[in-house]
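I opened this one to see how the chain is put together. My notes are below, in the order I looked things up.

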Amino acid sequence: MTTTAPLPDDGRSRIRPAERADLLAIYRIEKASFPQPWPYEVFDRFLDDPGFLVAEEGDAVVGYVVADVVPNHGRAFGHVKDLAVHPERRGHGYGRRLLAHALTRLAEGDATSVKLEVREGNDAAIYLYEDFGFQTLRRVGGYYEDGTDAFVMVRGLDDWGRRDRDYGATDGVD
C-alpha cells in the first residue's frame, strides 16, 4: 500500500457531508483542479446525496468527492463522479480519505461494485485508484470536451467492509 503523509491528529481535519455553504469553496477547488470544471449548479444538485462529502481542515474545505448509487439490472452500482483536493493541500492524504469514505457510503447503499472515469495522463489519480483496487476496464476515446481520452476503472465492493480500515475510512464522518 502507498504511504501518504499523515494528516495532523489535532482534531482540525475531518470528512463530513457537503452543505450548501460549502458550494463556493467546492467550485473554486473544481476550477483549480480541472481544465473543464463542472458548472456550479451541478454541485447543487448533488447536495442531498450521501456520497457528496468534503474534507475540512479547520474551517476550510480543502477537498470533496461526489459519488452516488444507481440501479443496474437489479443490482446497485456505485459511481465516483468527481474527486478533487485543493492544489495546495494535495499530498496530505485528503484524496485517499475522501475516496475511502465515498466507497464506504456506496457499500452502505448496497452497491456491489463501483466505477469512475479518469483523464488519461492524470497519473496521480490513476495511481490512487489502482492502490484502492480499481482496474482499468476500457479506454473511452475523446471522452472529455478537449478530446482527451478517459479510462473507465472499476472495482468490486464485496470485500470493502473488511479492507476499509486500511484506507482510512473508519475515522468517522461527522
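These entries go from the whole protein down to a few strands and turns.

**Entry 1, the model.** I'm working from a predicted model, so I read everything here as computed from that model.

**Entry 2, the inventory.** I looked up the secondary structure and got five helices and seven strands. Reading from the N terminus, I wrote down the order β-α-α-β-β-β-α-β-α-β-β-α.

**Entry 3, inside and outside.** How much of the protein is buried? I found that buried residues are 45% of the 174 residues. For the accessible surface I noted about 9,200 Å², with 47% of that belonging to carbon and sulfur atoms. I also checked contacts with a separation of 6 or more, and 64% of them link residues 24 or more positions apart.

**Entry 4, S2 with S3.** Next I went to strand S2, residues 51–57, and strand S3, residues 60–72. They pair in the antiparallel sense, and I have seven bridges down for them. Which residue stands opposite glutamate 56? I found valine 61 there, in S3. The hairpin has two residues between the strands, and glycine 58 takes a positive phi near 65 degrees.

**Entry 5, S3 with S4.** S3 also pairs with strand S4, residues 75–85, again in the antiparallel sense, over ten bridges. I picked out aspartate 68, and its bridge partner in S4 is histidine 79. What sits between S3 and S4? I see a hairpin with two residues between the strands, and histidine 73 in the turn has a positive phi of about 55 degrees.

**Entry 6, to keep.** S3 pairs with S2 and with S4, so I'm filing the three strands together.

Notes. Residues are numbered from 1 along each chain as its sequence is written. This is a predicted model: local features need pLDDT of at least 70, side-chain atom pairs count only at pLDDT 80 or more; totals for chains, interfaces and linings use all residues. Side-chain values use heavy atoms; hydrogens and water are left out. Buried means under 20% relative accessible area, exposed over 50%, partly exposed in between (1.4 Å probe, protein chains only). Contact means heavy atoms within 4.5 Å. Accessible areas come from the Shrake-Rupley method with a 1.4 Å probe; for residues, only the protein chains shown count as cover.
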